[in-house]
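Reader: I am new to reading helices. Could you walk me through some features, one by one?

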Amino acid sequence: MVPVFVALIIPLLGTALGSAFVFFMKKEMPGLVQKILLGFASGVMVAASVWSLLIPSLEMGEGSASVIPPVIGLLGGFAFLLLIDYITPHIHPAGGPEGPESKFSRTTKLALAVTIHNFPEGMAVGVAIAGALAADFNMAGAVALSLGIAIQNVPEGAIISMPLRAAGNSRWKAFGIGTLSGAVEPAGGAIVLLLATSVLGIMPYMLAFAAGAMLYVVIEELVPEYSQGNHSNIGTVGFALGFALMMVLDVVLG
């Protein structure tokens, strides 16, 4: 049970580490740094979706029909995040258009946006652990995915806490909100883990569902934010580095 707990909690630690940047940096993060961090996070999530989620989902099936669960799960993940994104008032962590109008404060809407980002990541860790427990792939692969998401959460935590500080919040409040935004990951992972282990037949669907949700976040939120304005190629460099790192982690540890 210790490896399971560690895999669930690692992403939260990454978020806390990133949120702690608010104690050492100025009120605003340089645009160039923000672009490369967003690109890096995107690369990690895309690689994790492919190697840690979609490929294992495909390998669980047999014959030509093995593609059906991954396709259904992938599209379901996109549809779920699309629905959440549509009905939840929020703002993008690094700027951009707001969600539906509401009376919520900027801080509240930012926290909701982070929850949208982090929930599919927690789901991904939960289903990866469930797959390892079912002996379909080893626990090292689940830990690699958890570590990759934690690495991705470091820049995300900074991107969350820094704007909160710039908006006038204290460093401790910005750090606290940034860290708490990651609490949905171990909670979501544990819930999905319990569901997946009790109904093993849905594992291929859940792996692909988590992949679809993560890819939605990358395509809808992260890529547009680092590709706008000057020096967008810096974000592309970050993407390549993040993708390569997550690919190596998954192959070496998985």
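Reader: Where does H5 bend, and by about how many degrees?

Author: The bend at a residue is the angle between axes fitted to the seven residues ending there and the seven starting there. In this predicted model, where local features need pLDDT of at least 70, side-chain atom pairs count only at pLDDT 80 or more, and totals for chains, interfaces and linings use all residues, H5 bends by about 30° at Asn153. A proline, Pro155, follows within four residues. Residues are numbered from 1 along each chain as its sequence is written, and side-chain values use heavy atoms, with hydrogens and water left out.

Reader: What span does H5 reach?

Author: Helices are DSSP runs (H or I, at least four residues), numbered from the N terminus. The expected span is 1.5 Å times one less than the number of residues. H5 (residues 139-166) has 28 residues and reaches 40 Å from first C-alpha to last, close to the 40 Å expected. After H5 comes Gly168, with a positive phi near 110°.

Reader: Is H5 largely enclosed or open, and why?

Author: Buried means under 20% relative accessible area (1.4 Å probe, protein chains only). Because 21 of its 28 residues are buried, H5 is largely enclosed by the rest of the structure. Across the chain, buried residues make up 49% of the 254 residues.

Reader: How many helices and strands are there?

Author: The chain has 9 helices and 0 strands, where a strand would be a DSSP run of E, at least two residues.

Key:
Buried means under 20% relative accessible area, exposed over 50%, partly exposed in between (1.4 Å probe, protein chains only).
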